[in-house]
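This report describes how the ligands sit against the protein, and then turns to a pocket, an annotated domain and two backbone features.

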Amino acid sequence: METNTKFRTSNPDETHVYFLSFSVVMIIEHLFHPVIRDKAVLERTVSYYVRIISHKYLYWNRSLGADHFMLSCHDWGPRATWYVRQLYYNSIRVLCNANTSEHFNPKKDASFPEINLKTGEITGLTGGSPPSNHTVLTFFAGKMHGKLRPTLFQHWMGKDEDVQVYETLPQGISYHEMMKKSRYCICPSGHEVASPRIAEAIYADCVPVLISQHYIFPFSDVLDWDSFTVQVPVTEIPDLKNILEAIPEDQYSRMQERVKQVQRHFLVNNPPERYDVFNMIIPSIWLRRLNVRF
Ligand SMILES: *[C@@H]1O[C@H](CO)[C@@H](O)[C@H](O)[C@H]1NC(C)=O
Ligand SMILES: *[C@@H]1O[C@H](CO)[C@@H](O)[C@H](O)[C@H]1NC(C)=O
Ligand SMILES: *[C@@H]1O[C@H](CO)[C@@H](O)[C@H](O)[C@H]1NC(C)=O
């Protein structure tokens with residue numbers, strides 16, 4: 001928002017939607033004690049923040065928070081909003097952890113892709129490879145956590161050379177190279193519904209295989225996730241290989257082509273560029289703002 005001033009105004013009377021500029025990551029980093037682990041610090045800080053802005057400015061009370069938005073990719077993003085009813089039920093929450101079992105409401109909340117920016121930038125992560133380089137049927141590497149990964153490991157770890165599933169990658173094998181070499185990249189939920197693998201697979205021209213429950217995919221207002229991903233129900237994990245092998249070659253090519261087409265919507269640029277992740281989330285917020293009438 002700071003480098004692209006096109007969408008920003010400091011005139012409150014011109015404002016369509018107000019940004020709640022608290023950071024869950026900063027609260028955890030600076031106020032949360034790693035030993036005491038008192039999560040009430042989230043409650044105190046976020047309640048205090050909303051109390052201040054609602055007393056200081058007229059705008060919160062005017063809409064009871066409905067034309068205000070917060071954004072968080074932290075696992076505890078949803079939790080940070082529990083404590084203030086109006087924030088939870090009225091405000092637009094832009095969350096990576098878009099779990100409908102935790103009252104993520106797609107009519108007013110927006111799902112944001114989880115992107116793991118190890119160096120702060122996406123340089124080095126993007127750049128797929130031609131279809132002929134995708135010689136491995138499917139690949140996954142990641143920790144055993146959450147409810148459905150144990151099923152994936154139980155059925156596929158070390159079982160079949162076409163389904164390469166690892167908890168730890170063997171020495172000398174690169175995670176990113178494996179994604180570039182695979183036709184399908186398995187993206188299962190862990191503790192939380194979102195996985196940075198979805199964006200990583202898209203960057204690597206690898207068709208994402210989504211295994212999740214209660215997850216609202218990012219930018220679902222405009223992206224047709226069925227057209228560029230395979231969605232496998234948890235109960236069909238044992239059948240994963242058959243499901244992928246049964247996909248005809250021309251359908252695979254179409255999906256892979258579309259993965260390349262949607263890639264630009266998951267790119268992080270500074271300053272933002274047309275159609276990138278920033279320019280996708282702005283209209284998502286705007287669409288939800290349109291639902292509000294005073
Ligand atoms: C907004 O409402 C709260 C609670 O009713 C009240 O305490 C506060 O003073 C109001 N804010 C403004 C700016 O009037
Ligand atoms: C495709 O595979 C070939 C042979 O392994 C390799 O030399 C080439 O760099 C790969 N292309 C990309 C874009 O990764
Ligand atoms: C989603 O939310 C429900 C309810 O809080 C929780 O049980 C579940 O573990 C969460 N995560 C996933 C991946 O479903």
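In this predicted model, an oxygen atom of ligand 1 lies 2.3 Å from an N or O atom in the side chain of Asn61. A second side chain takes part through His55, where an N or O atom is 3.1 Å from an oxygen atom of ligand 1. The backbone contributes as well: a polar backbone atom of Ser54 is 2.7 Å from a nitrogen atom of ligand 1. On its own, ligand 1 has 360 Å² of accessible area, and the protein covers 46% of it. The residues surrounding ligand 1 are Ser54, His55, Tyr57 and Asn61. By class, this shell holds one nonpolar and three polar residues, with no charged residue.

Ligand 2 is surrounded by Gly128, Ser129, Pro130, Asn133 and Lys180. Taken alone, ligand 2 exposes 360 Å², of which the protein buries 32%. In its shell, one residue is nonpolar, three are polar and one is charged. Asn133 supplies a polar contact to ligand 2, with an N or O atom of its side chain 2.3 Å from an oxygen atom of the ligand.

Around ligand 3 stand Asn99, Ser101, Glu102, Lys147, Gly190, His191, Glu192 and Val193. Two side chains in this group make polar contacts with oxygen of ligand 3: a polar atom of Asn99 lies 2.2 Å from an oxygen atom, and a polar atom of Glu102 lies 3.4 Å from an oxygen atom. His191 acts through its backbone, from which an N or O atom lies 3.2 Å from a nitrogen atom of ligand 3. The protein buries 67% of the 350 Å² that ligand 3 exposes when taken alone.

The polar contacts of the three ligands are set out below.

| Ligand atom | Protein group | Distance |
|---|---|---|
| Ligand 1, nitrogen | Ser54, backbone | 2.7 Å |
| Ligand 1, oxygen | His55, side chain | 3.1 Å |
| Ligand 1, oxygen | Asn61, side chain | 2.3 Å |
| Ligand 2, oxygen | Asn133, side chain | 2.3 Å |
| Ligand 3, oxygen | Asn99, side chain | 2.2 Å |
| Ligand 3, oxygen | Glu102, side chain | 3.4 Å |
| Ligand 3, nitrogen | His191, backbone | 3.2 Å |

The second largest pocket holds about 260 Å³ of space. It is lined by 13 residues, and those closest to its centre are Asn99, Lys147, His191, Val193 and His214. Of these names, Asn99, Lys147, His191 and Val193 also appear among the residues surrounding ligand 3. The lining of the pocket comprises two nonpolar, eight polar and three charged residues.

For residues 5-247, an unreviewed UniProt entry lists "domain: Exostosin GT47". Over this range the chain is 28% helix and 15% strand, and the C-alpha atoms at its ends are 45 Å apart.

Two points of backbone geometry remain. Most residues other than glycine have a negative phi, and most peptide bonds are trans. Leu64, which is not a glycine, has a positive phi of about 50°. Leu64 is placed in the loop between helix H3 (59-63) and strand E2 (68-72). The peptide bond from Asn270 to Pro271 is cis, with omega near 0°. Pro271 belongs to the loop that runs between helix H10 (249-262) and helix H11 (277-290).

Definitions and conventions: Residues are numbered from 1 along each chain as its sequence is written. Chains are lettered from A and ligands numbered from 1 in the order in which they are written. This is a predicted model: local features need pLDDT of at least 70, side-chain atom pairs count only at pLDDT 80 or more; totals for chains, interfaces and linings use all residues. Side-chain values use heavy atoms; hydrogens and water are left out. A residue is near a molecule or strand if one of its heavy atoms lies within 4 Å of it. A polar contact is a pair of N or O atoms within 3.5 Å; within protein, one must be able to donate a hydrogen and the other to accept it, and residues adjacent in sequence count only if both atoms are side-chain atoms. Accessible areas come from the Shrake-Rupley method with a 1.4 Å probe; for residues, only the protein chains shown count as cover. Ala, Val, Leu, Ile, Met, Phe, Trp, Tyr, Cys and Pro count as nonpolar, Asp, Glu, Lys and Arg as charged, and the others, Gly among them, as polar. UniProt positions are given in the numbering used here, feature names are shortened, and annotations may be inferred rather than shown by experiment. Helices (H or I, at least four residues) and strands (E, at least two) are DSSP runs, numbered from the N terminus. On a 1 Å grid over the protein atoms alone, a cavity is a set of points where a 1.4 Å probe fits but cannot get out, and a pocket is an open set with protein on both sides within 12 Å along at least five of seven lines; lining residues have an atom within 4 Å of a point. Grid points are joined across faces, edges and corners, and a volume is the space filled by probe spheres set on the points.
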